[in-house]
Amino acid sequence: MINPAELDLKEESVIRVSRVAKVTSRGKNFRFGALVVIGDGNGHVGIGQGKAGEVMSAINKAKEEAKQNIVKIHLVNKTIPHKIISRYSASQVMLKPASPGTGIIAGGPMRAVFETLGVQAVSYTHLTL
């Protein structure tokens with residue numbers, strides 16, 4: 001178990017904020033959900049999701065959950081140590097280590113996770129089945 005108080009969690013990114021409306025007889029009730037990634041830039045990263053009636057409350061809840069879900073990822077020369085292929089349902093992704101200077105070849109949420117993790121060179125590909 002990793003204690004978040006011992007780490008210098010200086011990097012955080014809000015990946016997504018979504019608004020959900022519940023329609024009732026009195027009108028629409030809006031609630032917000034936030035997805036946040038937090039890390040120290042040195043191999044520790046956590047991701048959390050929070051829901052609340054206001055955007056800032058949802059982000060704060062997501063940050064607290066992310067601090068509880070911190071994991072250590074082994075890095076070699078600021079990249080991942082080997083090629084990884086993972087499959088979930090109909091999606092398949094491939095992560096490959098890259099040489100220094102290549103940068104992060106990924107977009108959107110994966111780029112935010114890699115940046116907070118401290119990875120400086122990696123290639124991400126979404127494979128179709």
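In this predicted model, a nonpolar patch of about 200 Å² on the surface is formed by V14, V17 and V55. One of these residues, V17, belongs to strand 1, which spans residues 11-24. The relative accessible area of V17 is 41%, and V17 is therefore classed as partly exposed, since this class lies between the limits of 20% for buried and 50% for exposed residues.

Away from the surface patch, nonpolar residues are also found in the interior. In soluble globular proteins, nonpolar side chains tend to be buried together. The largest nonpolar core consists of twelve residues, namely V37, V45, I80, L95, I104, A106, A112, V113, F114, L117, V119 and V122. Helix 2, which covers residues 109-117, supplies four residues, the largest share of this core. A second core, separate from the largest one, contains seven residues, among them F32, A34, V36 and A58.

Within the largest core, I104 is a member whose contacts, when residues up to four places away in sequence are left out, are made with R111, F114, E115, V119, Q120 and V122.

Y124 is located in strand 8, which comprises residues 122-127. With a relative accessible area of 22%, Y124 is partly exposed, because a residue counts as buried under 20%. When residues up to four places away in sequence are not counted, Y124 touches V93, M94, L95, I105, A106, M110 and F114. Of these contacts, M94 is separated from Y124 by 30 residues in sequence, although the C-alpha atoms of M94 and Y124 are 5.9 Å apart in space.

Notes:
Residues numbered from 1 in each chain as written. Predicted model: local features only at pLDDT ≥ 70, side-chain atom pairs only at ≥ 80, totals over all residues. Heavy atoms only, no water. Core = buried A, V, L, I, M, F, W, Y, C linked by side-chain atoms within 4.5 Å. Buried < 20%, exposed > 50% of the residue type's maximum accessible area, 1.4 Å probe, protein only. Helix = DSSP H or I, 4+ residues; strand = E, 2+ residues; numbered from the N terminus. Contact = heavy atoms within 4.5 Å. Patch = residues over 30% accessible without salt bridge, like charges linked within 9 Å, V, L, I, M, F, W, Y side chains within 5 Å. Areas by Shrake-Rupley, 256 points an atom, 1.4 Å probe, with all protein chains shown as cover. Salt bridge = Lys/Arg side-chain N within 4 Å of Asp/Glu carboxyl O.
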